[in-house]
Amino acid sequence: MMTVHTHLFSRVAMAHRWVCGLLSLLAVAAAAAEGSAEPLIRLPTQDEHDAAPTPAPSAAEEGITRWAVLVAGSSGYENYRHQADVCHAYQILKRGGLKEENIVVFMYDDIAQNPQNPRLGVIINHPKGKDVYAGVPKDYTGDQVTTKNFFAVLTSNKTTVTGGSRKVINSKPNDHIFIYYADHGGAGSLGMPNNPWLYAGDFIKVLREKHASTSYSKMVIYVEACESGSMFEGIMPQDLNIYVSTAANAVESSWGTYCPGWNPPPPHEYLTCLGDVYSVSWMEDSETHNLKKEAIKDQYEAVKKRTSSSNNLTGSHVMEYGDKTFKDEKLFLYQGFDPANVNNTNRLPLPSLEGAINQRDADILFMWKRYEQLDGGSEEKLRVLKKIKETVAHRKHLDSSINFIGKLVFGFEKGPSVLEAPRSSGQPVVHDWDCLKRMVRVFESHCGSLTQYGMKHMRAFANLCNNGVSEAEMKEASVGACGGYISAKWSPLVLGHSA
């Protein structure tokens, strides 16, 4: 066990960042300018005292309703940052004048009241941040946070919504939609706390359906996840009036931030990361700028610069996809406008984020910090150690099984390289999305659940499809690699299939 511990932490120490995740570095540096001097377009939800008298609405805003869908695709206290990101995003949009009835929130809601939360009932997204949980609507929580419900909400299909508030995006032809998704990811896939995951092929199909319904004018999508670029690379149309920004390109991790042991750290009582780098970067940018003056392209460039790393060890490449023709539009048309920022000059530099951890290792970091905190020999400490051992053992099992399958199918020498090979730029991760799902199901049936860590191997399943491997061949290889593997804890019969 000490060998595993040393291996996990030595690489990270040299990089001076933790590699695992979705660096949601949301800042609450927005406690800045309170006054207002210039005339502004007052939103319907803003009171008279919030703004100076306004001229008639501009043509760009006439008849526009802003809608938003916010999704935290994980559960568990170790994934604190994703729900913190989404709650923070809600507060920004609400202060920007979006009506609660027009914002749909998906989050498991197991963080604020979690016994391990040092501030019960409170969620923060920055080391010095205020509570971002208060007032967030519980539209879809627990087992209602599903891919099916997300698609139903986006397409305004109340008949297929299961549970929850049944709130949907009932947008009209002139309306704008903002989607923000924070979670773990893999090649062509995004996580959900309830299986199955969200797959790129299905998402693009739903976006096409939404566009065909002529129920929006323009849409902006921000995605925080490892390999999030693979959700759109080679398959995102440019004629849907949808602009997309992702935390990472198609082949790299995204990063978590405000993590214990790194700079800047969370308050000492927190054992988990508070945010993700890309996420906190766009939110802290929105909070410290006048969004009636800042354009979509301006935020993209600012977030891209802050999310990247000078040493190329712990940063990611922020990407953009889809329709880039309306990048000059101001952000308030999608995120709203906070009158408190009316006098901000759009020149405020955001501090660099020196410490980050790979999204896929953030849970291990949390477990180790928890283990170190507990009294020696206590029953709880032994329980946490057992969980660490089980988690690391299953990770090793997944890695070795995928590697062995590659050797069985493609040969001892070529196997691993074929599975890991990225496709050329502009190509989707896979052409046959149904094949990708079948490969995942076959593997999990014989080798156990992939878990959020196993999403790193989604490219391997895609390459099995890209090389014409049949379902029967995959089954034979999976049995050969995992025959006799028994673990009820990781069984898809318990956790459900990821596809």
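**Exercise 1.** How many disulfides does the count come to?

Solution. This is a predicted model, in which local features need pLDDT of at least 70 and side-chain atom pairs count only at pLDDT 80 or more, while totals for chains, interfaces and linings use all residues. Residues are numbered from 1 along each chain as its sequence is written, and side-chain values use heavy atoms, with hydrogens and water left out. A disulfide is a pair of cysteine sulfur atoms within 2.5 Å. By this rule the count is three.

**Exercise 2.** Place the disulfide of Cys259 and Cys273 in the fold.

Solution. The two sulfur atoms are 2.1 Å apart. The angle about the S-S bond is 110°, a right-handed link. Both Cys259 and Cys273 lie in the loop between strand 9 (255-257) and strand 10 (275-276), so the pair ties together parts 14 residues apart in sequence. Strands are DSSP runs (E, at least two residues), as are helices (H or I, at least four), numbered from the N terminus. Cys259 is buried at 1% relative accessible area; buried means under 20% (1.4 Å probe, protein chains only).

**Exercise 3.** Which helices does the disulfide of Cys435 and Cys465 tie together?

Solution. The S to S distance is 2.2 Å. The torsion is about -100°, so the disulfide is left-handed. Cys435 lies in helix 11 (residues 433-447) and Cys465 in helix 12 (residues 458-466). Both Cys435 and Cys465 are buried.

**Exercise 4.** Describe the disulfide of Cys447 and Cys482.

Solution. The sulfur atoms are 2.0 Å apart. A torsion of about 95° makes the disulfide right-handed. Cys447 belongs to helix 11 and Cys482 to helix 13 (residues 471-482), 35 residues apart in sequence.

Technical notes
Buried means under 20% relative accessible area, exposed over 50%, partly exposed in between (1.4 Å probe, protein chains only).
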